[in-house]
Amino acid sequence: MSELVKRYGLGITTAMVLVTAFWLIVMVVLPALVMVEYSFHTNVPVTKRGGPEDYYTLDNYLSLVRGTDWSTWTFPNDFRVFLRTIWGAALVTLLSLVVCYPVAWYVAKLAKPQRAAMLLLLLVIPFWVNEILRTFAWYIILAYQGPLNAALLGIGILEKPVRWLSGSGGVLIGMVYAFLLFMMFPLINAIETLDMNQVEAAEDLGAPWWQIHRRIVIPHAKPGIAVGCIMVFVLAASSYIVPSLLGSPGTRWFTETIYVWFFEGQNWPRGSAYAFILLGLCVGFIMLMMRIFRVGLADIAK
Amino acid sequence: MSRDVELDHVTMRFGDFTAVNDVSLHIKAGEFFSFLGPSGCGKTTILRMISGFMDPTGGAIRIGGQDMRGIGPNKRPTALIFQNLALFPMMSVADNIAFGLEMRGVDKAARRKRAEELLDLIALPGSGDKRIDELSGGQKQRVAIARALAVEPQVMLLDEPLSALDLKLRQHMRAELRAIQRRTGLTFIYITHDQGEALTMSDRVAVMSRGRIEQVGPSASIYDAPETPFVATFVGENNVFRGKVTAAADGLARVETPAGVLLGRNARGMSVGSDALIFVRPERMRLDPADAGDNRVTRPVAHLDFEGSFANLVLSAPEGSPRPILVQLANDGRLGSLQPGAERTVGFAPADGLVLPAGELAKD
Ligand SMILES: Nc1ncnc2c1ncn2[C@@H]1O[C@H](COP(=O)(O)OP(=O)(O)O)[C@@H](O)[C@H]1O
Ligand SMILES: [Mg+2]
């Protein structure tokens, strides 16, 4: 702070701090607080606001799990969607990691600098296209009469076309693709800093390639893996576009449930409460990752 | 058990560039052998070929008589100690040391036991659970040695392992490395650009320049009987006079130089008329010599570097030479008379001058 004052003078520093604070409070904190407030209200028509039927309650949060019977393993609809979203986002995260790790290893360590730069460019260029358009492209690729089925039939891998878009397959593929770079870049950054002498030392001491990855590269890349997983999971869990375009009625995402409560059910308190449950899920996942990978916030901020 | 290493016309090319050029050597089992040369002369490349990270583009490497071509680093009986040690920072000291055993499927208890033994050997008992970054430079050094010893290699390869340490520790570690080598009886192949390191530790030294071996021999012969101008000027200090051989007889050669006619040992049997260099060590130069015959040069004093028990007298460069004349003088209490600017005569006995064919000198 004092450094800023020294560099820009008191007037400009104060102005900068005030503008930033204003931005944070008005654009981020206040709306969130309004939503929090909302989520504890009963859902009453505008005319009854402030009346006896408008009181604070936990009902909006509890309603997610109300009706769950653990003994028979039956869940209410919204809760089932919630659990499937967790499972789906986790699967997307795992798939992204599996897809990105070898590529990141290649780009960061094996490829010559020029080729690595080329590959990075090829990875990034598609992301200059709008997310909706990219997702639509997958809608076309994965269509029943689409090019993917045609290709797989053509080379004889499939006997008959697959309905990619009627199960969860389309959503998973679409999300892995949509959030690819959020896994790729943290991984590349983390792997790049590994001293290749360590890899060679391990090899010299008798380690086969998979042990080198298990004992040397992955432990070194842990902060990158944690960041990538956090990013992809959070983006996947809160994604709306991909599930609504590539999903089917049977694969509804929790974001869609929230949308329905807000705009079709006209139940804003319930929608807000669900939104905060989703936020809580994401925060919980972040903390879990930090625990598993034993990385601190400082490592992640790097 | 240790094994011998044979380099048979080994050449390594990177594109058009030849990093190692037709090197042939036989390193005996149990020998402490050093490669000495300036940075970039191809030392690391040789070591990486012996350890298996690359195969030579020409020639063969044999360890214990077996051709190593195509055999990877994890299958060779060698262990390499890297220039920056390359310890694994995310593992404990004991896990570092036992890493090679872990890769060989040795069970946890046995690994732990072996790590403890090696920690005793390197005088770090009880440090197994420490993290690598809790160790000092010298301790890391020793852990790297223990990690390599754990896999019971027959040949240890060391790439300038002491270069990151400060002077005092470096000298201590020299003795320690030599002691470990004696105790284990392993073949040590050591790389360095530091001549002091090579000369004090090694049984034999190979001096390299530009990918070629200039000379191989015991430390004393490298210093006392250099075979090429490069070795003469790279290992220790040497005064150089350039000229032509005008007479050669009785193992001596007369060389006519711009500074005068000088007489020295004709170690390489040069004939009259050839271009020659004559080398004289600063400690063999005499001030106002009595036994030097015609081997005298008179030049003004440039400066005197007082070192305590001795002093280095620097006379300005003789005609036709860019290098000043160095004379090492014992401190006899009368050094004060050597004031800058005063003309002094120095010389050397013919037996202390070495005549070699003209060739490339080491950069100083
Ligand atoms: N993989 C490589 N590709 C191209 N040139 C290399 C490679 N490795 C080493 N060199 C070159 O070979 C020469 C010798 O390198 P090196 O063996 O590392 O020298 P030293 O260890 O004696 O300092 C250097 O000029 C270096 O640039
Ligand atoms: Mg080197």
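Here are three short exercises on a predicted model, each with a worked solution.

**Exercise 1: A pair of rings**

Work out what kind of pair the rings of F262(A) and W268(A) form, and whether each residue is buried or exposed to some degree.

*Solution.*
1. A pair of aromatic rings is described by the distance of the centres and the angle of the planes.
2. For F262(A) and W268(A), the centres are 5.2 Å apart and the planes stand at 75 degrees.
3. Centres within 6.5 Å count as a pair, and planes over 60 degrees apart count as edge-to-face, so F262(A) and W268(A) are an edge-to-face pair.
4. Now the surroundings: F262(A) has a relative accessible area of 9%, so this residue is buried, as the limit is under 20%.
5. W268(A) reaches 35% and is therefore partly exposed.
6. Both residues belong to a cluster linked by ring pairs, together with Y38(A), Y240(A), Y259(A) and F263(A). Over all chains, the structure holds 22 aromatic pairs.

**Exercise 2: Charges over rings**

Find which ring lies under R270(A) and which lies under R281(B).

*Solution.*
1. In chain A, the charged end of R270(A) is placed over the ring of W261(A), 4.5 Å from its centre.
2. In chain B, R281(B) lies over the face of Y223(B), and the distance to the ring centre is 3.8 Å.

**Exercise 3: Reading a sheet**

Decide which strands of the open sheet in chain B stand at the edges.

*Solution.*
1. Write down the order of the 5 antiparallel strands: β15-β19-β16-β17-β18.
2. β15 (286-287) and β18 (325-330) each have a single partner strand, so one side of each lacks a neighbour in the sheet.
3. Further in, β16 (residues 296-306) and β17 (residues 310-315) of chain B pair antiparallel over 5 bridges. Here L304(B) stands opposite L313(B) of β17(B).

How values were computed. Residues are numbered from 1 along each chain as its sequence is written. Chains are lettered from A and ligands numbered from 1 in the order in which they are written. This is a predicted model: local features need pLDDT of at least 70, side-chain atom pairs count only at pLDDT 80 or more; totals for chains, interfaces and linings use all residues. Side-chain values use heavy atoms; hydrogens and water are left out. Rings of Phe, Tyr and Trp (its six-membered ring) pair if their centres lie within 6.5 Å; planes under 30 degrees apart count as stacked, over 60 as edge-to-face and the rest as tilted. Buried means under 20% relative accessible area, exposed over 50%, partly exposed in between (1.4 Å probe, protein chains only). A charge sits over a ring if NZ of Lys or CZ of Arg is within 6 Å of the ring centre and within 35 degrees of the ring normal. Two strands pair if DSSP finds at least two bridges between them. Helices (H or I, at least four residues) and strands (E, at least two) are DSSP runs, numbered from the N terminus.
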